[in-house]
Amino acid sequence: MPLPDYQITVINPATGLTNWIYDGAALYDLRYNRALNDIGALALTLPSRTEMPSVFSLDSLVEVSRTSPLTGKLQVEDTYLTRLTHRFREGNEERFVVGALSLNHLLARRVIDPADDPLSAGGYSTKAGPADLVLRAYAREQIGDLASAGRSISTFNVGPVLTVGSGVGKRSRYENLFEVFQELAKQGGVDFVVSRIIGNTFRLTIQPMGGNLTRSVNYPFAPFVMFNPSRANLPNASLLYDRKKEANFCYALGQGQGDSRILTKLQGATLYDSILNRIEFAQDIRLAERGQTSQLLTGARDALREKQPQREFTFQPTGNQPGATYRLDFDLGDRVTAAWDTEEVNLRVTDVELGIDSGGETISIKLEPVA
């Protein structure tokens with residue numbers, strides 16, 4: 001399989017016009033990652049030219065395109081915001097390095113200001129409901145069309161939601177908007193991504209992303225994706241299973257003092273994994289008021305989720321192994337199956353890192369347990 005072609009398009013953040021286009025042959029090296037519900041990063045090295053400081057101005061949009069293995073045409077991978085430039089000499093050559101962060105970083109540039117919440121009370125922004133509706137409201141009020149002057153980005157659009165997220169609640173005051181997004185997206189079972197539509201216009205999408213390509217769901221009636229050494233598509237595999245910080249029996253403490261304090265007990269799924277594996281902890285959930293059992297249970301479940309065993313499966317595909325071609329067989333957010341000897345687990349692709357230099361292309365995939 002030939003090495004995929006790459007293209008870098010640099011776009012002015014104020015006008016939305018293209019500043020410059022570089023093809024893969026113009027690059028010394030390129031490394032970037034696409035991260036699910038996180039902030040991806042890009043590092044790019046080019047031969048230095050006089051126009052580059054103005055081309056790569058602060059927050060210039062750096063869009064990476066790569067040849068699609070499905071269509072054979074260039075396909076946008078992701079768009080990044082320029083945050084670092086470094087011009088230097090190495091021997092007789094002058095080089096220019098660009099560092100950039102993915103568009104999700106726009107969310108990290110805001111805190112939740114209660115003054116921009118029309119329903120704020122007591123100096124807090126308080127919201128409850130399906131996770132996608134709550135996140136959409138936060139985005140519109142804190143960075144989108146409903147934000148106050150100076151905080152609103154006129155080209156930042158918040159897409160419609162499907163109202164499929166689980167119920168969440170949040171009482172916030174000057175917390176970082178991106179961190180709140182991560183917290184509520186995890187609790188509510190939804191995903192989010194900021195992408196470029198055209199020019200300098202952005203869209204925030206909030207919904208579950210990726211497909212379920214696991215063996216357990218699709219076999220034997222539909223195709224599935226399985227990574228397995230016997231299929232020659234699981235090179236340099238690493239399976240980490242860490243239970244040092246596991247806890248699986250929660251004493252959830254609500255409001256009240258002493259014997260009158262609200263108490264709910266909830267056990268996790270791994271309690272009986274061994275006869276000695278009951279590991280207790282107490283969780284302070286003072287926001288749960290009397291009569292609000294659901295708030296207490298939600299807090300306890302979230303605490304158990306945070307303390308569950310940590311399993312991480314990584315490997316380093318070349319991008320063209322049988323049944324494991326990036327952007328053909330799987331993509332970011334997809335749920336897949338990985339098997340190694342007697343171990344078979346369903347995992348989700350949460351990070352894809354790609355690099356290209358004189359040695360060719362490298363791809364590294366991070367997979368995490370399916371919730």
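These legends go with four close-up views of a predicted model.

**View 1. Strand β3, mostly tucked away.** Here we zoom in on β3, which covers residues 29–35. Of its seven residues, five are buried, so the rest of the structure largely encloses this strand.

**View 2. The hairpin made by β3 and β4.** Strand β4 takes in residues 41–47 and pairs with β3 in the antiparallel sense, with four bridges between the two. To find your place in the pairing, look for Tyr32, which sits opposite Leu42 of β4. Five residues lie between the two strands of this hairpin. One residue to pick out in the turn is Asn37, whose phi is positive, at about 55°.

**View 3. β3 alongside β20.** Strand β3 also has β20 as a partner, a strand made of residues 343–357. These two run antiparallel as well, joined by six bridges. A handy landmark is Arg31, which stands opposite Gly355 in β20.

**View 4. Arg196 and its surroundings.** Now we move to β11 (residues 191–198), the strand that holds Arg196. Arg196 has a relative accessible area of 22%, so it counts as partly exposed, given that buried means under 20%. If you're coming from β3, note that the C-alpha atoms of Arg196 and Ala35 are 16 Å apart, with 161 residues separating them along the chain. Beyond its neighbours within four places in sequence, Arg196 is in contact with several residues, including Ile11, Leu61, Thr79 and Phe202. Glu63 is on that contact list too, and its side chain makes a polar contact of 2.9 Å with the side chain of Arg196. The Arg196 side chain also reaches the backbone oxygen of Gly199, at 3.0 Å.

Note on methods:
Residues are numbered from 1 along each chain as its sequence is written. This is a predicted model: local features need pLDDT of at least 70, side-chain atom pairs count only at pLDDT 80 or more; totals for chains, interfaces and linings use all residues. Side-chain values use heavy atoms; hydrogens and water are left out. Buried means under 20% relative accessible area, exposed over 50%, partly exposed in between (1.4 Å probe, protein chains only). Two strands pair if DSSP finds at least two bridges between them. Contact means heavy atoms within 4.5 Å. A polar contact is a pair of N or O atoms within 3.5 Å; within protein, one must be able to donate a hydrogen and the other to accept it, and residues adjacent in sequence count only if both atoms are side-chain atoms.
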